[in-house]
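Let's take a walk through a protein together. Have a look at the chain first, and then we'll go from its overall layout to its inside.

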Amino acid sequence: MKTNTLWLFAIAAMVLSSGVWAGADVVILSDGSRLVGTIEQLANGKMVIKTSFAGTLELDAATITSMATDQIVNVGLSSGDRLVGPIEVDPEGDKAIVQTAMGAIPIPMGAIEAMWLKGGKSPETLEMETRVAEVQKEA
């Protein structure tokens with residue numbers, strides 16, 4: 001499953017750098033379905049996309065064959081570090097290049113654990129907020 005998620009990052013980065021579908025995020029599924037909306041998050045093998053026609057959808061990352069976004073994203077790494085900026089994949093496809101305010105930073109594709117919109121809440125923050133709300137309900 002992690003390999004599929006990493007493959008998604010590679011595809012996303014290549015499409016991001018090409019400028020295709022500017023103005024909207026596009027996700028293509030293995031059955032040929034094309035979803036247009038805003039990709040809100042990719043984490044734990046799931047992608048969340050908000051669409052105007054079907055609301056917010058949660059997709060299994062393994063069913064996604066392609067995606068594109070023109071937005072600046074946060075990239076969460078297995079080291080705990082976070083980078084912000086557009087992502088590109090090097091020609092060999094084994095590294096992602098995040099174009100940060102401090103310049104291009106290469107990272108191994110296997111180090112990417114999550115992606116979410118700039119200014120949005122990280123998957124860890126969202127999970128913690130859910131846990132806190134559950135504890136408060138029980139109290």
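Start at the N terminus and follow the elements along: the order is α-β-β-β-β-β-β-β-β-β-β-β-α. That gives 2 helices and 11 strands in this chain. Keep in mind that what you're looking at is a predicted model.

How much of the chain is buried? Of its 139 residues, 41% count as buried. As for the outside, about 7,700 Å² of the chain is exposed, and carbon and sulfur atoms supply 55% of that. You can also ask how the chain meets itself: among contacts with a separation of 6 or more, 50% are between residues 24 or more positions apart.

Now head inside. The largest nonpolar core is made of 20 residues, and the ones with the most contacts inside it are Val27, Met47, Leu59, Val75, Ile87 and Ile107. Several strands chip in with at least two residues each: E1 (25-29), E2 (34-43), E3 (46-51), E6 (73-77), E9 (95-100) and E11 (112-117).

Let's zoom in on one of those core residues, Val75. Which residues does Val75 touch, once you leave aside its neighbours within four places in sequence? Its contacts are Asp81, Arg82, Leu83, Ile87, Val98, Ile107, Ile112, Ala114 and Trp116. Notice that Ile87 and Ile107 turn up here, and that they're also on the list of residues with the most contacts inside the core.

For another kind of spot, try Leu57, which sits in strand E4 (residues 55-60). Is Leu57 buried or partly exposed? Buried would mean under 20% relative accessible area, and Leu57 is at 24%, so it counts as partly exposed. Leaving aside neighbours within four places in sequence, Leu57 is in contact with Leu35, Met47, Val48, Ile49 and Thr51. From Leu57 to Ile39 is 18 residues in sequence, and their C-alpha atoms are 9.7 Å apart.

Ile39 brings us to the last stop, as it is one of the residues lining the largest cavity. Rolling a probe the size of a water molecule over the atoms shows where empty space is left. Here the count is 1 cavity of 30 Å³ or more, and about 40 Å³ of space lies in the largest one. Around it you'll find Ile39, Glu40, Gln41, Leu42, Thr69, Val73, Met115, Trp116 and Leu117. E2 and E11 are the elements that give two or more residues to this lining, with E2 providing the largest share, 4 residues. Sorted by class, the lining has 6 nonpolar, 2 polar and 1 charged residues.

How values were computed. Residues are numbered from 1 along each chain as its sequence is written. This is a predicted model: local features need pLDDT of at least 70, side-chain atom pairs count only at pLDDT 80 or more; totals for chains, interfaces and linings use all residues. Side-chain values use heavy atoms; hydrogens and water are left out. A nonpolar core is a set of buried Ala, Val, Leu, Ile, Met, Phe, Trp, Tyr and Cys residues joined through side-chain atoms within 4.5 Å. Buried means under 20% relative accessible area, exposed over 50%, partly exposed in between (1.4 Å probe, protein chains only). Contact means heavy atoms within 4.5 Å. Accessible areas come from the Shrake-Rupley method with a 1.4 Å probe; for residues, only the protein chains shown count as cover. On a 1 Å grid over the protein atoms alone, a cavity is a set of points where a 1.4 Å probe fits but cannot get out, and a pocket is an open set with protein on both sides within 12 Å along at least five of seven lines; lining residues have an atom within 4 Å of a point. Grid points are joined across faces, edges and corners, and a volume is the space filled by probe spheres set on the points. Ala, Val, Leu, Ile, Met, Phe, Trp, Tyr, Cys and Pro count as nonpolar, Asp, Glu, Lys and Arg as charged, and the others, Gly among them, as polar.
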